[in-house]
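User: Please take a close look at one part of this model, the place where two helices pack against each other. I would like one connected account.

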Amino acid sequence: MDKDRIAGSAKDFAGKVEDTIGDMAGDASTQAAGRAREASGAVQNLYGQAKDAARDAGDAAANFTKDAYENSGDTLRDGSQAVAKKVQDNPLGALLIAGGMGFALGLLMTRPQRRPPPRWR
């Protein structure tokens with residue numbers, strides 16, 4: 001819990017008390033001051049809640065990233081083993097796929113540059 005939430009809740013409560021005292025005494029300025037303090041406390045409490053939410057989101061993202069980094073080696077190893085098994089099971093299909101990918105990359109890399117259309121004078 002953030003200190004802004006605690007201070008905001010305290011200000012909110014003090015403002016409600018001051019508003020009630022002003023209402024009982026019939027003093028409009030005390031009521032107004034109490035409502036202003038109550039609003040200030042509510043804003044500070046909301047600010048503290050936003051800071052807590054941002055901190056929690058940052059912690060969750062950091063934990064997710066840490067878990068992904070720790071498990072990335074296992075995932076890469078499992079993927080490479082699966083590809084190796086598929087290649088061993090069907091070498092001709094793997095060769096055709098590799099050749100097709102090489103042909104496509106060759107076309108993409110040797111494509112002529114685009115020229116702007118000629119201007120008519």
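**Where H1 meets H2**

Analyst: The crossing of helices H1 and H2 is left-handed. This is a predicted model. H1 covers residues 3-25 and H2 covers residues 28-89. Their axes come within 7 Å and cross at roughly 160 degrees. H1 is therefore roughly antiparallel to H2, since an angle over 145 degrees counts as such. The residues of this contact divide into five nonpolar, 13 polar and 13 charged. Glycine is counted with the polar group here.

Take H1 first. This helix has 23 residues. From its first C-alpha to its last it reaches 33 Å. That is close to the 33 Å expected at 1.5 Å a residue. Just after H1 comes Gly26, with a positive phi of about 80 degrees.

Which residues of H1 are buried? They are Asp4, Gly8, Gly15, Glu18, Asp19 and Gly22. H2 is included in what covers them. As background, an α-helix has 3.6 residues a turn, so residues three or four places apart point the same way.

Now one residue from the H1 side. Asp19 lies in H1. Its relative accessibility is 16%, so Asp19 counts as buried; the cut-off for buried is under 20%. What does Asp19 touch, not counting residues up to four places away in sequence? The answer is Gln31, Gly34 and Arg35. H2 spans residues 28-89, and these three numbers fall in that range.

Next, one residue from the H2 side. Gln44 is found in H2. At 18% relative accessibility, Gln44 also counts as buried. Leaving aside its neighbours within four places in sequence, Gln44 is in contact with Asp4, Arg5, Ala7, Gly8 and Lys11. Two of these partners, Asp4 and Gly8, are on the list of buried residues in H1. Asp19 and Gln44 thus give a view of the contact from either helix: Asp19 sits in H1, and Gln44 sits in H2.

Other residues of H2 have other accessibilities. Val43 is placed in H2. Val43 is exposed, with a relative accessible area of 56%. Its neighbour in sequence, Gln44, counts as buried at 18%. Val43 and Val87 are 44 residues apart in sequence and 63 Å apart in space, C-alpha to C-alpha.

Ala53 is found in H2 as well. Ala53 counts as partly exposed, at 45% relative accessibility. From Ala53 to Ser80 is 27 residues in sequence. In space the two are 39 Å apart, C-alpha to C-alpha.

H2 ends at residue 89. Asp89 is part of this helix. Is Asp89 buried or exposed? Asp89 is exposed, with a relative accessible area of 53%. Thr110 is 21 residues away from Asp89 in sequence. Their C-alpha atoms are 34 Å apart in space.

To return to the pair itself: H1 and H2 cross at roughly 160 degrees, with a left-handed crossing. Asp19 of H1 touches Gln31, Gly34 and Arg35. Gln44 of H2 contacts residues including Asp4 and Gly8.

How values were computed: Residues numbered from 1 in each chain as written. Predicted model: local features only at pLDDT ≥ 70, side-chain atom pairs only at ≥ 80, totals over all residues. Heavy atoms only, no water. Axes fitted to C-alpha atoms, helices over the stretch in contact; angles between N-to-C directions. Helix = DSSP H or I, 4+ residues; strand = E, 2+ residues; numbered from the N terminus. Parallel < 35°, antiparallel > 145°, perpendicular 65-115°, else oblique. Left-handed = near helix turned anticlockwise from the far one by under 90°. Buried < 20%, exposed > 50% of the residue type's maximum accessible area, 1.4 Å probe, protein only. Contact = heavy atoms within 4.5 Å. Expected span 1.5 Å × (residues − 1).
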